[in-house]
Amino acid sequence: MIAEKYAEQIAKIRAKYPDKRSTVMPLLYIAQEEYGYVSDEGVAEVAALCELDPTQVRSIAGFYTMYSEKPKGKYWLQVCTDLPCALRGADEFHKQLKEYLGVQEGGTTADGLFTVEHVMCLAACDKAPMLQCNFHFVENLDMDKMKSFIDQWRAEAKANK
Ligand code: FES
């Protein structure tokens with residue numbers, strides 16, 4: 001239960017907002033952190049904490065690309081393919097990345113490490129091709145640089161097993 005496990009963090013969040021309903025988005029981040037995605041259990045817990053209906057919480061989680069409604073790999077790679085990035089080669093980069101990792105759009109590698117999906121503008125249009133990996137921006141990419149990051153993340157995951 002996130003209410004107990006993250007009690008201190010939740011208290012800090014609540015102190016910043018005028019009412020419990022307003023804490024829904026930061027609490028969804030906590031639920032996503034705990035379960036790896038916004039699970040039904042996470043939605044129910046957030047709804048109870050915010051005194052909202054679970055359907056309302058689910059609709060918020062479904063609207064924003066920073067919340068995932070299905071399990072993801074350890075490294076969640078969200079490539080911006082919106083028009084300004086596409087003009088700088090993001091579409092081709094996104095395609096090559098999926099081919100390199102052997103996944104379809106939204107798919108996760110067999111080892112559970114990488115999920116690749118495209119997203120709309122992340123406000124780094126002049127640094128394309130770019131992606132966010134677990135909400136950290138990685139910019140000015142090409143496949144050579146990307147392969148280095150993938151090797152680095154694989155090594156990191158192996159070291160942390
Ligand atoms: S269009 Fe890709 S970051 Fe803005």
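In the predicted model, the buried residues of helix α4 pack against four helices, namely α1 (2–5), α2 (7–15), α3 (24–35) and α5 (54–63). Helix α4 itself comprises residues 40–50, and its buried positions are Gly 42, Val 43, Glu 45, Val 46, Leu 49 and Cys 50. These residues lie on the same side of α4, because they cover an arc of only 165° around the axis. The residue that follows α4 is Glu 51, which has a positive phi, near 55°.

The domain assignment divides the chain into domain 1, spanning residues 2–63, and domain 2, spanning residues 75–159. A distance of 28 Å separates the C-alpha centres of domain 1 and domain 2.

With respect to nonpolar packing, the largest core contains 18 residues, among which Leu 77, Val 79, Cys 80, Ala 90, Leu 97, Val 116 and Met 130 touch the most other members. Two or more residues of this core are supplied by each of the elements β1 (75–80), α7 (90–101), β2 (114–119) and α8 (143–159). The greatest contribution is that of β1, which gives 5 residues. When residues up to four places away in sequence are not counted, Leu 97 touches Val 79, Val 116 and Met 146. A second core, separate from this one, consists of 12 residues, including Ile 2, Leu 27, Val 43 and Val 57. Val 43 is thus a member of the second core and is also one of the buried residues of α4.

How values were computed: Residues are numbered from 1 along each chain as its sequence is written. This is a predicted model: local features need pLDDT of at least 70, side-chain atom pairs count only at pLDDT 80 or more; totals for chains, interfaces and linings use all residues. A nonpolar core is a set of buried Ala, Val, Leu, Ile, Met, Phe, Trp, Tyr and Cys residues joined through C-beta atoms within 7 Å. A residue is buried if 20 or more other C-beta atoms lie within 10 Å of its own, exposed if 12 or fewer, and partly exposed in between; C-beta atoms are placed from the backbone. Two residues are in contact if their C-beta atoms, placed from the backbone, lie within 7 Å. Domain bounds come from an automatic or database domain assignment. The arc is that of the directions from the helix axis to the C-beta atoms.
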